[in-house]
Amino acid sequence: MAKLLAVSVWDDILEHVRLHSPHLARTWFFALEPTELAGGVLSITAANPPQVRYLNEHCRRTFAEAAQAATGRLISVRFECEGQNEDDDMLAFEDDGSLLKLSDDYLFNNFITGPCNRLAHAAAVAVAESPGKAYNPLFIHGDVGLGKTHLLQAICHEFKRRRSDANIVYISCETFTNHFIQAVERGALHQFRYRYRHADFLVIDDIQFLAERERSQEEFFHTFNTLYQSQRQIVLSADCSPAEIPSLEERLVSRFNSGLVALVDRPCLETRMAIVLAKTRLRCIDVPKDVIKAIATHIDSNVRELEGTLAKLTLLSQTRGGHIDIDLAMEALGVCAPKPIISIPEILNTVSKRHNLRLSDLQGKKRTKSIAFPRQVCMYLARELTNLSLEEIGGYFGGRDHTTVIHGHRLITKRRQVDPELDLELQNLQTTLKNGS
Ligand code: ADP
Ligand code: MG
């Protein structure tokens, strides 16, 4: 602890930051050390360059204001750490600005696992530990807000930690296609190819944007092959499985499927509670257990929404003296539009009546068309109208696995687009279910 700064003053600074900018506060702030106060500059030492980068990018003003409030003096702050130049650290990732920035929160340590994402997480860890050897490519897919980008970045952090000299290219698919278009326009394909085909690790987020871009697909195919043949690791994410990306060339679908394709599904209640708890700890917010349960129960589809509710709750609590209880949580949750709650038994009942079938038929193993089709309709409706995970939905249909549910949903989605009669029937079913009759 600094000799120039009383312990209580430093505590006041941290408390000020925590109270006024809770969204920025991190548990590791408590390990920061104020090392010098000279010439109106307070030097604060962090444990490592990523922490320094985080502090510089997000917290400079907050800490300066906190230091001013605590000391009553006009003070600016400087963040540093031992042994490493922060600029060196930025270079590897920032390049010309087109590489995506890594969030310091998106680490494996901060990723909560459950049945919904265990495989994807385990594969991501394996790939980060043995790049090019464990699974190549690793393809992670799932709906929005379920942790794909978090896992991709955690892999990058780990790559970077293990091989700080490596050329890690972490980009969005849009950047890849934009670069490609620019390279073609400027006659600079050579540079483009050099850049992508010399990556040690290629990590591309939201690869579904390759859909319907024929020339980019062609280019990506060759990039992929070059890297793959020299055993360099490729990691991709998308909002759907390879086969579901519209108009993706068959040879790319088969390349993407040749490694490991892992789904991140919607988290169950237990996992959602663990996630909310982890987020409160990460941000040093004290939230009672019943509040955590209430948030996890009400927000059941998307982790990003869970985080949004937590942020709303923190903000509300600041205006009410900092206390968080169940009433405040209900107020924060009340801001979200209430959704009609539709259960799978209701869907099964409605569809079985419409098709004159028994419930046991829909839930059983028979594959005759007159049963298989209404069963797929049920799976489609369950996916559209409930927030249950694929696994949970499959459980209602004799324990069928997630691929069967995805297949059913995809089939009905496609048929609905070309069959007006089916479209009308589905509209009627959806209205009936939403009206609860
Ligand atoms: P996606 O890329 O799938 O749309 P993100 O990776 O951006 O989703 O995740 C959205 C937010 O939810 C991020 O802040 C991320 O940290 C958080 N998140 C998602 N899944 C988890 C998890 N299993 N554990 C902890 N945080 C998670
Ligand atoms: Mg994402």
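Which polar backbone atom lies 3.2 Å from an oxygen atom of ligand 1? In this predicted model, that backbone atom belongs to Leu146. Side chains get involved too. Tyr106 puts a polar side-chain atom 3.2 Å from a ligand oxygen, while an N or O atom in the side chain of Asn117 sits 3.4 Å from a nitrogen of ligand 1. As for how well the ligand is covered, ligand 1 taken alone exposes 560 Å², and the protein buries 95% of that.

The shell around ligand 1 can be described by its elements and its chemistry. Helices α5 (148–162), α10 (269–282) and α12 (303–319) are the elements that each supply two or more residues to the shell. There are 18 residues around the ligand, and the ones that come nearest are Gly145, Lys148, His150, Arg304 and Glu307. In terms of residue character, the shell splits into seven nonpolar, six polar and five charged residues.

Turning to the strands, β2 (residues 41–46) is a mostly covered one, with five of its six residues buried. Strand β1 (residues 33–38) runs antiparallel to β2, and five bridges join the two; Leu37 has Leu42 of β2 as its bridge partner. Strand β3 (residues 76–81) also pairs with β2, but in the parallel sense and over six bridges. Here Val41 stands opposite Ser76 of β3. To get from β2 to β3 the chain passes through helix α2 (residues 49–71), making a right-handed β-α-β crossover.

Further along the chain, strand β6 (residues 201–205) is mostly covered as well, and here five of its five residues are buried. Phe201, Val203 and Asp205 point to one side of β6, with Leu202 and Ile204 pointing the other way, and every one of these is buried. So much for the side chains; the pairing of β6 involves two strands. Strand β5 (residues 168–172) runs parallel to β6 and is joined to it by five bridges, with Val169 partnered by Leu202 of β6. Strand β7 (residues 233–238) pairs with β6 in the parallel sense too, over four bridges, and Phe201 has Gln233 of β7 as its bridge partner. Together with helix α8 (residues 214–229), β6 and β7 form a β-α-β unit that is right-handed.

Methods: Residues numbered from 1 in each chain as written. Chains lettered and ligands numbered in written order. Predicted model: local features only at pLDDT ≥ 70, side-chain atom pairs only at ≥ 80, totals over all residues. Heavy atoms only, no water. Buried < 20%, exposed > 50% of the residue type's maximum accessible area, 1.4 Å probe, protein only. Pairing = 2+ DSSP bridges. Right-handed = clockwise from strand over helix to strand, strands pointing away. Near = heavy atom within 4 Å. Polar contact = N/O pair within 3.5 Å; in protein donor to acceptor, adjacent residues only side chain to side chain. Areas by Shrake-Rupley, 256 points an atom, 1.4 Å probe, with all protein chains shown as cover. Nonpolar A, V, L, I, M, F, W, Y, C, P; charged D, E, K, R; others polar.
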